[in-house]
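Reader: Could you walk me through this one with me asking as we go? I would like to begin with the charged side chains and then wander a bit.

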Amino acid sequence: MATTVANTPGAIGYVGLGYVNEKIKAITVENVMPSKETVNSDTYPLARPLFMYTNGEPTGAVKEFMDFVMSEEGQKLVEENGYISVK
């Protein structure tokens, strides 16, 4: 979606905040611009969380990955890449 929007004049689409850049612009909805603050306060109406599902309790590499994502270091990377952390 992000590639299509970035490369197609007049295209619109739904992408995460981490994809917003000089070629992909965010728009206001109900006069609210998306940001960490407006998403966290539920004032931007098109935000959604990211869900990660496993087949039962994660183990091995999957558990290690999910533990890393939820760690302080993982959440810092989330923020550094333009997304909103869960912590």
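Reader: Is Lys-36 buried, exposed or partly exposed?
Author: Lys-36 counts as partly exposed, since its relative accessibility is 38%. Please keep in mind throughout that this is a predicted model.

Reader: And what does Lys-36 meet in a salt bridge?
Author: The partner is Glu-79, and the two side chains come to 3.3 Å, taken from N to O. Glu-79 is itself partly exposed, with a relative accessible area of 28%.

Reader: Which parts does that pair tie together?
Author: Lys-36 lies in helix H2, which covers residues 36-40, and Glu-79 lies in helix H4, which covers residues 72-80, so the pair ties together parts that are 43 residues apart in sequence.

Reader: How many salt bridges does the structure hold?
Author: There are 3 salt bridges in the structure. Besides the pair just described, Lys-63 forms one with Asp-67, where the closest N and O atoms are 2.8 Å apart, and Lys-76 forms one with Glu-80, where the closest N and O atoms are 3.8 Å apart.

Reader: That 3.8 Å makes me curious, so what is the cut-off for a salt bridge?
Author: The nitrogen has to be within 4 Å of a carboxyl oxygen, and the Lys-76 to Glu-80 pair, with its closest N and O atoms 3.8 Å apart, is counted as a salt bridge.

Reader: How far apart in the helix are Lys-63 and Asp-67?
Author: Lys-63 and Asp-67 are 4 residues apart in helix H3, residues 60-70, and are therefore separated by about one helical turn. Lys-63 is partly exposed, at a relative accessible area of 37%, and Asp-67 is partly exposed as well, at 42%.

Reader: What about Lys-76 and Glu-80, how are they placed in their helix?
Author: Lys-76 and Glu-80 are 4 residues apart in helix H4, which puts about one helical turn between them. Lys-76 counts as exposed at 52% relative accessibility, and Glu-80 also counts as exposed, at 51%.

Reader: Which residue, 62 places from Glu-80 along the chain, has its C-alpha atom 9.0 Å away?
Author: That residue is Gly-18, whose C-alpha atom is separated by 9.0 Å from that of Glu-80.

Reader: Staying with helix H4, is Gln-75 buried or exposed?
Author: Gln-75, which lies in helix H4, is buried, with a relative accessible area of 8%. A polar atom of the Gln-75 side chain lies 2.7 Å from the backbone nitrogen of Val-86.

Reader: And Ser-85, where does that one lie?
Author: Ser-85 lies in the segment after H4 and is buried, with a relative accessible area of 13%. Leaving aside residues up to four places away in sequence, Ser-85 touches Gln-75, Val-78 and Glu-79.

Reader: With which side chain does Ser-85 make a polar contact?
Author: The Ser-85 side chain makes a polar contact with the side chain of Glu-79, at 2.9 Å. Glu-79 therefore appears twice in this conversation, because it also meets Lys-36 in the salt bridge that links helix H2 with helix H4.

Reader: Changing topic, how much space lies in the largest pocket?
Author: About 1300 Å³ of space lies in the largest pocket. Its lining has 37 residues, and those nearest the centre are Val-15, Gly-16, Leu-17, Arg-48 and Tyr-83.

Reader: Which elements give two or more residues to that lining?
Author: Those elements are H2, H3 and H4, and the largest share of the lining, 3 residues, comes from H3.

Reader: What is the make-up of the lining by class?
Author: The lining of the largest pocket has 27 nonpolar, 6 polar and 4 charged residues.

Reader: Last thing, backbone angles: which residue other than glycine has phi near 65 degrees?
Author: That is Asn-31, where phi has a positive value. Asn-31 is placed in the loop between helix H1, residues 2-7, and H2, and counts as exposed at 77% relative accessibility.

Reader: And what is phi at Asp-42?
Author: Asp-42 has a positive phi of about 60 degrees although it is not a glycine. Asp-42 lies in the loop between H2 and H3, and at 67% relative accessibility it counts as exposed.

Notes: Residues are numbered from 1 along each chain as its sequence is written. This is a predicted model: local features need pLDDT of at least 70, side-chain atom pairs count only at pLDDT 80 or more; totals for chains, interfaces and linings use all residues. Side-chain values use heavy atoms; hydrogens and water are left out. Buried means under 20% relative accessible area, exposed over 50%, partly exposed in between (1.4 Å probe, protein chains only). A polar contact is a pair of N or O atoms within 3.5 Å; within protein, one must be able to donate a hydrogen and the other to accept it, and residues adjacent in sequence count only if both atoms are side-chain atoms. On a 1 Å grid over the protein atoms alone, a cavity is a set of points where a 1.4 Å probe fits but cannot get out, and a pocket is an open set with protein on both sides within 12 Å along at least five of seven lines; lining residues have an atom within 4 Å of a point. Grid points are joined across faces, edges and corners, and a volume is the space filled by probe spheres set on the points. Ala, Val, Leu, Ile, Met, Phe, Trp, Tyr, Cys and Pro count as nonpolar, Asp, Glu, Lys and Arg as charged, and the others, Gly among them, as polar. Contact means heavy atoms within 4.5 Å.
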